[in-house]
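Visitor: I am new to this structure. Please show it to me, and let me ask how each label is earned.

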Amino acid sequence: MTRRLGSRGRDVAVLLDDFGHRLPAAPAPQPATRERGPFTALVPRHGPRGRGRGRAATPAPLSVWRMTSEQTPVVWPLIAAPGLPPTGAQMGLDLLSGGAFYCDPVGWVTDDAIPVTNPNVVVFGKPGRGKSATVKAFALRMLAYGYRTLVLGDTKDEYEPLCRALGVEPFVIGHGLPARVNPLAFGPLGHGWDRLDAAEARRREAIIFARWLVLLRGLVGSQAVPFGPVEETAVAEALRLLTGYRTGATRLTEPTVPQLWHALDEPTDELVAGCRYADRRHFLDATRTLRDALGSLVKGSLAGLFDDHTTVAVDWRAPIQSLSLSRLEPLGDQAVGIALTCLNSWGQAMREIAEPGDLRIVVRDETWRQMRLGAEAMKSLDANLRLSRRDADVQVLLAHKPSDMLTAGDAASQAVAIARDLLHLCDVKVLHGQDQAVADELGTLLGLAPIAQRVVTGWAVAGKGRALWLVGDRVFQVQTVLTAPELRLTYTNDALTAGGPA
């Protein structure tokens with residue numbers, strides 16, 4: 001068979017037909033129908049011609065706006081900030097998204113999608129803007145999720161109504177009152193010492209004595225007395241002799257601050273030799289300032305409050321526990337700061353062996369008073385914030401403004417450096433209303449953009465409970481909503497209004 005050049009040849013259907021096989025014919029494709037558009041004709045810029053058809057001689061003016069990507073979500077409502085999962089306490093309304101706002105610091109840490117690495121919370125706000133009411137509402141609502149609250153130092157008795165509403169009587173520390181707290185308490189780590197093996201005993205001893213040294217370094221440093229290697233060696237050796245650990249006792253004796261002072265003021269030959277001094281006089285000369293600082297604590301304004309064994313029997317299964325320091329207010333900021341430091345060490349001891357699932361909210365009010373004692377006093381608070389993940393504690397710090405944390409010393413001092421680090425150890429920041437003068441602090445210390453600063457110094461000042469929440473690098477504009485019972489429990493203006501909220 002010959003084939004002409006350029007012919008296409010036979011297709012598959014013809015080829016199969018030669019062998020007696022016929023393929024079914026394919027249906028012809030139907031032409032697609034074009035939908036009619038909603039606009040049949042273009043409308044001129046000035047409108048259609050004709051009477052009553054809306055023609056305008058001059059087009060309507062259009063506003064042109066220039067804005068940054070940060071401002072766009074505010075003007076264009078369809079762009080909302082990324083929300084948080086609805087877990088934890090429902091605090092109120094997120095005005096940027098229009099939805100409910102939930103607070104769950106521990107849940108945020110365990111969620112890899114949320115940029116939070118620790119559950120610590122710092123709350124700033126000028127007096128009367130609702131920062132304490134927000135914290136109380138958070139503590140109250142987290143009860144439903146198994147959290148308990150510990151108030152380490154209620155300096156203004158703000159938590160007494162909440163405690164009594166939950167059936168708990170707060171402990172009051174003051175002169176002439178029976179409550180005593182020993183900051184050198186063993187805590188749970190001292191239980192069952194006679195049943196511990198050598199390795200576990202050494203591990204617990206290291207934790208207990210390290211906590212005591214941090215406390216004593218802060219108490220001595222609050223009086224501008226140096227606490228160097230010489231002082232640390234003398235204190236550590238005296239504590240080991242007082243407890244019986246140095247002599248290998250199977251049951252340790254809990255020391256107190258007066259006992260430590262007497263041990264250093266009247267040293268035994270064993271203590272002098274253990275500290276590697278030539279004689280007793282050499283020891284006394286080297287530790288004179290240390291002994292004077294401890295003696296002023298024993299005989300000073302706080303005498304009889306933190307220098308005896310603990311008489312407070314805390315029920316850790318109760319929904320809330322509070323230790324009131326309001327009776328110490330007339331003694332001044334330094335005395336209250338020292339008391340907060342003692343309670344800080346005691347509270348850390350009580351939480352060193354927490355049962356799995358024992359979640360607790362630890363409220364620390366007026367933390368600036370403790371910070372003003374100096375760098376050494378701040379190291380104990382710094383340790384608590386760093387250990388919050390281990391202890392499953394939500395540490396809540398309250399202060400008026402960010403610069404309160406920088407009053408511990410000069411701008412280039414170690415105390416100020418530690419204070420700045422404390423801000424970075426709190427991944428959740430709640431910023432209630434502030435005066436315009438604080439705007440620079442918000443930008444310098446917290447890195448707030450100008451728009452966020454105006455929210456804190458403008459919108460948040462205009463109403464109670466309004467706050468800018470910083471959850472990692474996410475920003476939420478939240479209005480806290482309180483129920484009628486919560487309003488009565490969180491009201492703090494009784495002295496001004498002679499009654500409850502209107």
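Guide: What follows is a round of questions on a predicted model.

Visitor: Let us begin with domains. How is the protein divided?

Guide: There is domain 1 (94-162 + 331-493), and there is domain 2 (188-297). Those bounds come from an automatic or database domain assignment. The C-alpha centres of the two domains lie 34 Å apart. Their contact takes 15 residues from domain 1 and 13 residues from domain 2.

Visitor: How much area do domain 1 and domain 2 bury between them?

Guide: About 1,300 Å². Of that area, 68% is on carbon and sulfur atoms.

Visitor: How many salt bridges does the rule find across the interface of domain 1 and domain 2?

Guide: Zero. As for polar contact, the count between the two domains is one residue pair. On the side of domain 1 that touches domain 2, α12 and α14 (375-386) each supply at least two residues. Helix α12 gives the most to that side, with eight residues.

Visitor: Let us stay with helix α12. What makes N344 buried?

Guide: N344 is found in helix α12. Buried means under 20% relative accessible area. N344 has 0%, so N344 is buried.

Visitor: Why is the link between N344 and R364 called a polar contact?

Guide: A polar contact needs a pair of N or O atoms within 3.5 Å. The side chains of N344 and R364 are joined by one of 2.4 Å. That distance fits the cut-off.

Visitor: Which residues does N344 touch, not counting those up to four places away in sequence?

Guide: L152, R364, Q370, S380, L381 and N384.

Visitor: Now salt bridges. How many does the structure hold?

Guide: The structure holds 21 salt bridges. Side chains of opposite charge can pair when their charged atoms come close.

Visitor: How do you know that E205 and R240 form a salt bridge?

Guide: The rule asks for a side-chain nitrogen of Lys or Arg within 4 Å of a carboxyl oxygen of Asp or Glu. Between E205 and R240, the N to O distance is 2.5 Å. The pair passes. E205 lies in helix α6 and R240 in helix α7, so this bridge ties together parts that are 35 residues apart in sequence.

Visitor: Are E205 and R240 buried or exposed?

Guide: The cut-off for buried is under 20%. E205 has a relative accessible area of 9%, so E205 is buried. R240 has 17%, so R240 is buried too.

Visitor: What makes R217 and E232 a salt bridge?

Guide: Their side chains meet at 3.1 Å, N to O. The limit is 4 Å, and the pair is within it. R217 lies in helix α6 and E232 in helix α7, so the pair ties together parts that are 15 residues apart in sequence.

Visitor: Why is R217 called buried, and E232 partly exposed?

Guide: Buried means under 20%, exposed over 50%, and partly exposed in between. R217 is at 14%, so R217 counts as buried. E232 is at 30%, so E232 counts as partly exposed.

Visitor: What about R288 and D285? How do you know that they form a salt bridge?

Guide: Their closest N and O atoms are 3.0 Å apart. That is within the 4 Å limit. R288 is partly exposed, with a relative accessible area of 41%. D285 is partly exposed as well, at 43%. Elsewhere, salt bridges that share partners join K156, E158, E329, D365, E366 and R369 into one network.

Visitor: How do you know that the span of helix α11 agrees with what is expected?

Guide: Helix α11 has twelve residues (288-299). At 1.5 Å a residue, the helix should span 16 Å. The expected span is 1.5 Å times one less than the number of residues. The end C-alpha atoms are 16 Å apart, so the span agrees.

Visitor: Which residues of α11 are buried, and what covers them?

Guide: The buried residues are L290, R291, A293, L294, G295, L297 and V298. Their cover includes α6 (198-221), α7 (229-243), α8 (257-265), α10 (280-286) and α12 (333-350).

Visitor: One more. Why does L425 count as buried?

Guide: L425 is found in the loop between α16 (414-424) and β9 (428-432). Its relative accessibility is 15%, so L425 counts as buried. Leaving aside neighbours within four places in sequence, L425 is in contact with N118, N120, D382, L385 and R386.

Terms used
Residues are numbered from 1 along each chain as its sequence is written. This is a predicted model: local features need pLDDT of at least 70, side-chain atom pairs count only at pLDDT 80 or more; totals for chains, interfaces and linings use all residues. Side-chain values use heavy atoms; hydrogens and water are left out. Helices (H or I, at least four residues) and strands (E, at least two) are DSSP runs, numbered from the N terminus. Buried means under 20% relative accessible area, exposed over 50%, partly exposed in between (1.4 Å probe, protein chains only). Contact means heavy atoms within 4.5 Å. Buried area is the accessible area (1.4 Å probe) that two parts lose on being put together, summed over both. A polar contact is a pair of N or O atoms within 3.5 Å; within protein, one must be able to donate a hydrogen and the other to accept it, and residues adjacent in sequence count only if both atoms are side-chain atoms.
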